[in-house]
Amino acid sequence: MRKIYLVPALVGLLTSVAVGPVAAQGAVPKQKAAPAPKAAPAGTPVAAGATSAAATENPAAEDKIKAIDGFRSAKFGMNEADVRAAMAKDFNPKPDAIKIQDNASELTRSLLLSAPELLPNGGTAELSYVFGYKSKSLIQVGAVWSKGADTAMTPEKLFSNANILRAHFMGEGFKPDSIAVNMPVAGGIVMFRGSDAKDRSVILLLQGTFETKENNRVLTPTSLLLFYVADAKSPDIFKLPPGQF
């Protein structure tokens, strides 16, 4: 299992204008909750299998905007006992399958679980349920598909999973002005980004290595990251009070 972070740099990824490359910071390793890499230069070709970056208009009325309240039975604001019960309901894991991970810098706590076939025919994903520093309640749920989670994972499968999830989210009715798809960033492509009326967000990031083929930058994916975030602008993590140092 890898370290899980809820890094404030996610704010840039979720609030940047969809018609240009994303402005964000920090490489995103497996199970690192949120920040996307620094944006690629404007005009950078999109990797094979994806279309050009653009804002996507959605005709959904305000009262029909998708509500992001968590993931499956696990809802934002739940305490650890309730989340464990939700995980048991959703995945029926063995008693020792759920692992605990504490983050020493953000002072958050996470429950980790490997989930075979989280996405039908998509292979095994590694789930993370993150609890806030002050609230001790659920503030983020993440899923990562990679060889680290499933040794049988392939770039083709990662592309397939990414395309299936992007198509699903495109039809879910997120706030039109929050939606962005296929945005190239250093180290990957933001396949989808969207928020609900309360600014709770979903982000789907396909990571990998770029190489130039026939004057196009082509991505060979190594991982796919999906995150549901309760409050990306002001995450419940430890921060030093102003003026202490």
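**Exercise 1. Is Phe192 buried or exposed, and what is its relative accessibility?** Then work out what surrounds it in terms of strands and rings.

*Solution.* Keep in mind that this is a predicted model.

Step 1: Start with the residue. Phe192 has 0% relative accessibility, and the cut-off for buried is under 20%, so Phe192 counts as buried.

Step 2: Move up to the strand. Phe192 sits in strand β9, which spans residues 188-195. Eight of the eight residues there are buried, so β9 is largely enclosed by the rest of the structure.

Step 3: Look at the ring. Phe174 and Phe192 make a tilted aromatic pair, with 5.2 Å from centre to centre and 55° between the planes. The tilted label follows because 55° falls between the 30 and 60 degree limits. Phe174 comes from the loop between α3 and β8, 18 residues away from Phe192. Phe174 is buried as well, at 1% relative accessible area.

Step 4: Widen the view. Ring pairs join Phe71, Phe169, Phe174, Phe192 and Tyr228 into a cluster.

**Exercise 2. Trace the strand partners of β9, and find the positive phi angles in the two hairpins.**

*Solution.* Step 1: On one side, β9 pairs with β8 (residues 180-185), antiparallel and over five bridges. Val185 is placed opposite Gly188.

Step 2: Two residues lie between β8 and β9 in their hairpin, and Gly187 there has a positive phi near 90°.

Step 3: Now take β10 (residues 201-213). This strand also runs antiparallel to β9, joined by seven bridges. Gly188 faces Gln207 in β10, so to speak, and we met Gly188 opposite Val185 too.

Step 4: The β9-β10 hairpin has five residues between its strands, with Asp199 taking a positive phi near 65°.

**Exercise 3. Which residues make up the salt-bridge network that includes Glu80?** Walk through the bridges that Glu80 makes.

*Solution.* Step 1: The network is made of Glu80, Arg84, Asp102 and Arg109.

Step 2: Take the bridge within a helix. Glu80 meets Arg84 at 3.2 Å, N to O. Both belong to helix α2 (residues 80-91) and sit four residues apart, about one turn of the helix. Arg84 is partly exposed, at 27% relative accessible area.

Step 3: Take the bridge between elements. Arg109 and Glu80 meet at 2.7 Å, N to O. Arg109 is in strand β5 (residues 109-115) and Glu80 in helix α2, so this pair ties together parts 29 residues apart in sequence. Arg109 is partly exposed too, with a relative accessible area of 29%.

**Exercise 4. Find a salt bridge and an aromatic pair that link distant parts of the chain.**

*Solution.* Step 1: The whole structure has nine salt bridges. One of them joins Glu172 to Lys66, with the closest N and O atoms 2.8 Å apart. Glu172 is in the loop between α3 (155-170) and β8, while Lys66 is in the loop between β1 (54-55) and β2 (70-71), so the pair ties together parts 106 residues apart in sequence. Glu172 is partly exposed at 25%, and Lys66 is partly exposed at 28%.

Step 2: There are six aromatic pairs in the whole structure. Among them is Tyr133 with Phe238, edge-to-face, at 5.5 Å centre to centre and 80° between the planes. Tyr133 lies in the loop between β6 (125-131) and β7, Phe238 in the segment after β11 (216-229), and the two are 105 residues apart. Both are partly exposed: Tyr133 at 24% and Phe238 at 28%.

**Exercise 5. What does Leu138 touch, beyond its neighbours up to four places away in sequence?**

*Solution.* Step 1: Leu138 belongs to strand β7 (residues 138-146) and is buried, at 1% relative accessible area.

Step 2: Its contacts include Ala74, Phe76, Met78, Val83, Tyr129 and Phe131. The C-alpha atoms of Leu138 and Asp82 are 9.6 Å apart, although 56 residues separate them along the chain.

**Exercise 6. How far does the confidence of the model reach, and how is the chain laid out?**

*Solution.* Step 1: Mean pLDDT is 81, and 74% of residues reach 70 or more. Over residues 6-60, though, pLDDT stays under 50.

Step 2: The chain has three helices and eleven strands, and of its 245 residues 51% count as buried.

Key
Residues are numbered from 1 along each chain as its sequence is written. This is a predicted model: local features need pLDDT of at least 70, side-chain atom pairs count only at pLDDT 80 or more; totals for chains, interfaces and linings use all residues. Side-chain values use heavy atoms; hydrogens and water are left out. pLDDT is the predictor's confidence in each residue, from 0 to 100. Contact means heavy atoms within 4.5 Å. Buried means under 20% relative accessible area, exposed over 50%, partly exposed in between (1.4 Å probe, protein chains only). Two strands pair if DSSP finds at least two bridges between them. A salt bridge is a side-chain nitrogen of Lys or Arg within 4 Å of a carboxyl oxygen of Asp or Glu. Rings of Phe, Tyr and Trp (its six-membered ring) pair if their centres lie within 6.5 Å; planes under 30 degrees apart count as stacked, over 60 as edge-to-face and the rest as tilted.
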